[in-house]
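Hi everyone, thanks for coming. I'd like to walk you through one structure today, and I'll explain the terms as we go.

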Amino acid sequence: MKVEKVKYVLWAADWQRCLHFYRDLFGGEVSFESETWSEVVVAGATIGIHGGGEGKRTWTGLSFQIDDLRTGIEMLKEHGGDLTREPSDTEEDPLHLAMCIDPDGNEFMMTCRRN
């Protein structure tokens, strides 16, 4: 057996909104699109979007490491996402983790390297 691809699946009440959210926020490329199943590739990882979700708040386990967390948070909000809690930024612990939610209720993390 040969593994051809690994996919992480999200459920979405509005599959097009969800697909465009991940494509636009993270600069992904849509590789397949339909009402039932769509795929967006972000940094080599495939995120499957399954239509028919209920929009319930769900922890996904997804984490996106980005280069600038402050800019990422601004862009998250511009694209219809939000924070599930405000990140802390202290002298001892610089801002490096944001707990986020997409417009369809899927929770994920955005992180950046600690300096």
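Let's start with helix α2, residues 69-78, which lies across β6, β7 and β8 and runs at about 155° to β8. A word on those labels: helices (H or I, at least four residues) and strands (E, at least two) are DSSP runs, numbered from the N terminus. For the angles, axes are lines fitted to C-alpha atoms, for helices over the stretch in contact, and the angles run from 0 to 180 degrees between N-to-C directions. Contact itself means heavy atoms within 4.5 Å.

Please keep in mind that this is a predicted model, where local features need pLDDT of at least 70, side-chain atom pairs count only at pLDDT 80 or more, and totals for chains, interfaces and linings use all residues. Residues are numbered from 1 along each chain as its sequence is written, and side-chain values use heavy atoms, with hydrogens and water left out.

Which residues of α2 are buried? They are Leu 69, Gly 72, Ile 73 and Leu 76. Buried means under 20% relative accessible area, exposed means over 50%, and partly exposed is in between, with a 1.4 Å probe and protein chains only. These four cover an arc of only 100° around the axis, so they sit on the same side of α2; the arc is that of the directions from the helix axis to the C-beta atoms. Here is the general rule behind this: an α-helix has 3.6 residues a turn, so residues three or four places apart point the same way. The cover over the buried residues of α2 includes α1, β6, β7 and β8.

Now the two ends of this helix. At the start of α2, a side-chain oxygen of Asp 68 comes to within 3.2 Å of the backbone nitrogen of Arg 70. After α2 comes Gly 80, with a positive phi near 95°.

Next, the sheet underneath. It is an open sheet of 4 strands in the order β5-β8-β7-β6, and the pairing is mixed. Two strands pair if DSSP finds at least two bridges between them. Why do β5 (58-65) and β6 (82-85) each have one side without a neighbour in the sheet? Both stand at the edges with a single partner strand, so that side is left free of a neighbour. From one strand to the next, the twist averages 40°. β6 and β7 (residues 97-101) run antiparallel and are joined by 3 bridges, and Arg 85 stands opposite Met 99 in β7.

In the loop between β6 and β7 we find Glu 86. Glu 86 counts as exposed because its relative accessibility is 60%.

There is a second helix to meet: α1, residues 15-26, lies across β5 and β8 (106-111), at about 5° to β8.

What about the largest nonpolar core? A nonpolar core is a set of buried Ala, Val, Leu, Ile, Met, Phe, Trp, Tyr and Cys residues joined through side-chain atoms within 4.5 Å. The largest one has 26 residues, and Tyr 22, Phe 26, Ile 47, Ile 49, Phe 108 and Met 110 touch the most other members. α1 gives the most to this core, with 7 residues.

Last stop, two hairpins. One joins β2 to β3 through 4 residues. The other is formed by β3 and β4 with 2 residues between them, and Ala 43 in that turn has a positive phi of about 50°.

Methods: A polar contact is a pair of N or O atoms within 3.5 Å; within protein, one must be able to donate a hydrogen and the other to accept it, and residues adjacent in sequence count only if both atoms are side-chain atoms.
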